Structure formats: C-alpha cells, structure tokens
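Hi,

Here is the structure I promised to pass on. Have a look at it first, and then read on for what turned up.

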Amino acid sequence: MARVKFFIPKNGNTENPKNYRLVTCLPKIYKLMTYIISRRMQKYMDDENLKPKEQKGCCSGSKGCKNQLLILKAILQECRRREKNLCMSWIDYQKYFDRVSHSWIIKSLESIGINNRVISFTKKVMSY
C-alpha cells in the first residue's frame, strides 16, 4: 500500500520537532474499504447492542462531545437550582487510540464476534 507522509508545523515555531503533526495520505481504495468496514461494524454493534449507552462519541448520528457538554451543562444547572453539591472529574484521553495495543484491539474484535476476514484485514493494515 503506497503511503505519502508529510510533516506539517502546528504553528509558526519550526525549530521544535514536537511542533510538527504527521499527515499520511492513503489511497482512495483504502479509505473506501475502511469506511465500508467501519459502517458494517457500527451496524453490527448497534444490532447486537454492544455499545454502552454512555458512549456517545462513537454512536452514529451523535454529535459526541457537543451532546455530552450539553448534558453536563443541564446537570450543573439542575444542581445549582436545587442547591446540591456535585463532584466530577475529567480524564484526558489525548491521542488515546495511538497508545492502544494492537493485540488488545484484535482480542476485542474477536470477543464481540467480528468476522474473521475483517480481523485478518485489520491485522494486515496495522502491520504497516
């Protein structure tokens, strides 16, 4: 699979190597294939009720973060109105999926019953 990589500066400071973002250009056929697989996996997970209701970020048709922020705002307003205390914490998952073990991803796909051909394709793609 032919890939072209570019390093693009995040801002004007080009002296610091950490200030660059890697952008990889992939072939259209790869993008189309992964899109189709992703849509089918989403449908399978919806049909089998495999996603927690709390997981809004990956639900199709959801605005993810925006929905969660609006829900949080409503909860905070209700707590203020009722004069109730509320404790909360935020977890920063910055680049979380860059750090997930590939073997864990494969085990997760196997555990929910994803087709073996899709799993083989995923293994092959992750090896590049």
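By class, how many nonpolar, polar and charged residues are in the lining of the second largest pocket? Before I get to that, please keep in mind that this is a predicted model. The lining has six nonpolar residues, one polar and one charged. If you want to click through them, they are Ile36, Ile37, Arg40, Met41, Tyr44, Ile114, Asn115 and Val118. The space in there comes to about 160 Å³. Helix α1, which runs over residues 28-47, gives the most to this lining, with five residues.

Since α1 turns up there, a bit more on that helix. With 20 residues at 1.5 Å a residue, α1 should span 28 Å, and its end C-alpha atoms are 29 Å apart, so the two agree. Its buried residues are Tyr30, Ile37 and Met41. Looking down the axis of α1, you'd see these buried residues fall within an arc of 45°, which means they line one face of the helix. Ile37 and Met41 are also on the list of residues that line the pocket. Turn the helix round and the face away from the buried side carries the exposed residues Lys28, Arg39, Arg40 and Asp47. Arg40 is another of the pocket-lining residues.

Now for the salt bridges. The count comes to three.

One of them is in α1: the side chains of Lys43 and Asp47 meet at 2.8 Å, N to O. These two residues sit four apart in the helix, about one turn. Asp47 is exposed, because its relative accessible area is 51% and the cut-off for exposed is over 50%.

Helix α2 (residues 65-82) holds both Arg81 and Glu78, three residues apart, which is about one turn. Their side chains form a salt bridge at 2.6 Å, N to O. Glu78 also pairs with Arg82, at 2.7 Å, N to O. That pair lies in α2 as well, four residues apart, again about one turn of the helix. Through these shared partners, Glu78, Arg81 and Arg82 are joined into one network.

How exposed is each member of that network? Arg81 is exposed, with a relative accessible area of 59%, and Arg82 is exposed too, at 52%. Glu78 is partly exposed, with 30%.

Last, two spots in the loops that you may want to look at on screen. Most residues other than glycine have a negative phi. Asn49, though, has a positive phi, near 55°. You'll find Asn49 in the loop between α1 and α2, and at 57% relative accessibility this residue counts as exposed. Glu83 is the other spot: its phi is positive, about 55°, although it is not a glycine. Glu83 is in the loop between α2 and α3 (102-111), and it counts as exposed, with 73% relative accessibility.

If you only have a few minutes, I'd start with α1, as that helix has its buried residues on one face, gives five residues to the pocket lining and holds the Lys43 and Asp47 pair. After that, go on to Glu78 in α2, where the network with Arg81 and Arg82 is.

Cheers

Technical notes. Residues numbered from 1 in each chain as written. Predicted model: local features only at pLDDT ≥ 70, side-chain atom pairs only at ≥ 80, totals over all residues. Heavy atoms only, no water. 1 Å grid on protein atoms, 1.4 Å probe; cavity = no way out; pocket = protein on both sides within 12 Å on 5 of 7 lines; lining within 4 Å. Points joined across faces, edges and corners; volume = space filled by probe spheres on them. Nonpolar A, V, L, I, M, F, W, Y, C, P; charged D, E, K, R; others polar. Salt bridge = Lys/Arg side-chain N within 4 Å of Asp/Glu carboxyl O. Buried < 20%, exposed > 50% of the residue type's maximum accessible area, 1.4 Å probe, protein only. Expected span 1.5 Å × (residues − 1). Arc of directions from axis to C-beta.
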